[in-house]
Amino acid sequence: MFSFFPTDDLYTGEIRLSLTAAAEAVPEKGYVPAYRFAICLADGTPVGSCMLRVGAVPSLYWSGHIGYGVDAPHRGHGYAGKACRLLFKQAKKHGMKRLYITCSPDNAPSDRTLRRLCREWEGGGRFIAAEQIPEDHEMYREGKRRVNVYEFLL
């Protein structure tokens, strides 16, 4: 059985990640264990959500190890990038050395977040490519066709 690690250290002076769920792997679907969090301000106000998928299966190249969303009234403050940095910390606890984060090519704010994170992340980050999603991938069945793929070294 997978061991989930404590998450009470996932905070900065500005935001905190509050664990909402820890999902076990579902191997028959190709799902790896995952943490789900609310992104909260220091006063506890929720401003969005994020997740970290822990593991290395080929499908994560397209879906990414990290997913995030910031609620419309709270966008423009860099919360997604700050949450990613905290998720990198959690990934390191699991011995992960590299993470993929993807976004839709037409999601300019998310793409800007990832490009900024590439420039600022001390471990190194880079844009790999705009990739076609394979027809057998779950995202393809959901109607998605392309993703921008970024790689981060931890």
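Select T45, which counts as partly exposed at 30% relative accessibility. This is a predicted model. T45 sits in the loop between β2 and β3 (46-53). Show its neighbours beyond four places in sequence: T45 touches I39 and C40. Now add I15, 30 residues from T45 along the chain. The C-alpha atoms of T45 and I15 are separated by 9.3 Å.

**Stop two: P33**

Move to P33, in the loop between β1 (15-23) and β2 (34-41). Is P33 buried or exposed? P33 counts as buried, because its relative accessibility is 8% and the cut-off for buried is under 20%. Display the residues around it. Leaving out those up to four places away in sequence, P33 touches F2, F4, A23, E24, A25, L52, R53 and V54. For a longer view, pick Y150 as well. P33 and Y150 are 117 residues apart along the chain, and 21 Å separates their C-alpha atoms.

**Stop three: helices α2 and α3**

Select residues 79-93 for helix α2 and residues 108-120 for helix α3. The two axes come within 10 Å and cross at roughly 50 degrees. That angle makes α2 oblique to α3. The crossing of α2 past α3 is right-handed. Next, show the side chains at the contact. From α2, select A80, G81, C84, R85 and F88. From α3, select T113, L117 and E120. Colour them by class: the contact has four nonpolar, two polar and two charged residues.

**Stop four: the cysteines**

Stay on C84, one of the α2 residues in that contact. C84 counts as buried, at 1% relative accessibility. How many disulfides are there? The count comes to zero. C84 is in no disulfide, and its nearest cysteine sulfur, that of C50, is 7.5 Å away. Then select C103. Its closest cysteine sulfur is in C118, 10 Å away, which is too far for a bond. A disulfide needs the two sulfur atoms within 2.5 Å. C103 also counts as buried, at 5% relative accessibility.

**Stop five: D111**

From C103, step to D111, which touches C103. D111 lies in helix α3. It counts as buried, at 11% relative accessibility. What else does D111 touch, not counting residues up to four places away in sequence? Add N148 and Y150 to the selection; D111 touches both. Now pick Y100. D111 and Y100 are eleven residues apart in sequence. From C-alpha to C-alpha, they are 13 Å apart in space.

**Last stop: I133**

Finish at I133. Where is I133 found? I133 is in the loop between β6 (125-132) and α4 (138-141). The residue is buried, with a relative accessible area of 3%. Show its contacts, again without residues up to four places away in sequence. I133 touches W62, M139, Y140, K144, R145, R146 and V147. For the final distance, select G78, 55 residues from I133 along the chain. The C-alpha atoms of I133 and G78 are separated by 28 Å.

Definitions and conventions
Residues are numbered from 1 along each chain as its sequence is written. This is a predicted model: local features need pLDDT of at least 70, side-chain atom pairs count only at pLDDT 80 or more; totals for chains, interfaces and linings use all residues. Side-chain values use heavy atoms; hydrogens and water are left out. Buried means under 20% relative accessible area, exposed over 50%, partly exposed in between (1.4 Å probe, protein chains only). Helices (H or I, at least four residues) and strands (E, at least two) are DSSP runs, numbered from the N terminus. Contact means heavy atoms within 4.5 Å. Axes are lines fitted to C-alpha atoms, for helices over the stretch in contact, and angles run from 0 to 180 degrees between N-to-C directions. Angles under 35 degrees count as roughly parallel, over 145 as roughly antiparallel, 65 to 115 as roughly perpendicular and the rest as oblique. A crossing is left-handed if the near helix is turned anticlockwise from the far one by less than a right angle, and right-handed if clockwise. Ala, Val, Leu, Ile, Met, Phe, Trp, Tyr, Cys and Pro count as nonpolar, Asp, Glu, Lys and Arg as charged, and the others, Gly among them, as polar.
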